[in-house]
Amino acid sequence: MPKELNVGDIVKMKKVHPCGCDEWEILRVGMDIRIKCLKCGRMVLLPRPKFEKGIKKIIKTVEKLDEQ
């Protein structure tokens with residue numbers, strides 16, 4: 001079952017980035033997920049299945065605005 005992800009969420013990944021940080025901010029959600037390292041600012045685009053498999057936990061979640 002797909003996880004509920006929103007732009008602005010902060011996630012902790014299983015693998016550590018080469019800069020030493022494992023916390024990322026979600027910038028884009030769709031078939032691919034764009035994330036940004038919170039330490040060095042590097043942006044990475046991952047396919048959704050690979051991203052969901054690599055998440056350890058969601059640290060901070062942002063409420064999605066209702067579209068009317």
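Is Lys53 buried or exposed? In this predicted model, Lys53 belongs to helix 1, which spans residues 48-54. Its relative accessible area is 66%, and because the cut-off for exposed is over 50%, Lys53 counts as exposed. Although Lys53 and Met13 are 40 residues apart along the chain, their C-alpha atoms are separated by 9.2 Å.

The strands offer a good place to continue. Strand 1 (residues 10-13) pairs with strand 2 (residues 23-28) in the antiparallel sense, over three bridges. Within this pairing, Ile10 of strand 1 faces Glu25 of strand 2 as its opposite residue. Strand 2 also runs antiparallel to strand 3 (residues 32-37), and four bridges join the two. Here Ile26 stands opposite Ile35. With three residues between them, strand 2 and strand 3 form a hairpin.

Both members of that last pair, Ile26 and Ile35, reappear in the largest nonpolar core. This core has twelve residues in all, and the others are Leu5, Val11, Met13, Cys21, Trp24, Ile33, Cys37, Leu46, Phe51 and Ile55. Strand 1, strand 2 and strand 3 are the elements that give two or more residues to the core, and strand 3 gives the most, with three. In soluble globular proteins, nonpolar side chains tend to be buried together.

Cys21, one of the core residues, can be followed a little further. Beyond its neighbours within four places in sequence, Cys21 is in contact with Val16, Cys37, Leu38 and Lys39. Of these partners, Cys37 is itself listed in the core.

Technical notes: Residues are numbered from 1 along each chain as its sequence is written. This is a predicted model: local features need pLDDT of at least 70, side-chain atom pairs count only at pLDDT 80 or more; totals for chains, interfaces and linings use all residues. Side-chain values use heavy atoms; hydrogens and water are left out. Two strands pair if DSSP finds at least two bridges between them. A nonpolar core is a set of buried Ala, Val, Leu, Ile, Met, Phe, Trp, Tyr and Cys residues joined through side-chain atoms within 4.5 Å. Buried means under 20% relative accessible area, exposed over 50%, partly exposed in between (1.4 Å probe, protein chains only). Contact means heavy atoms within 4.5 Å.
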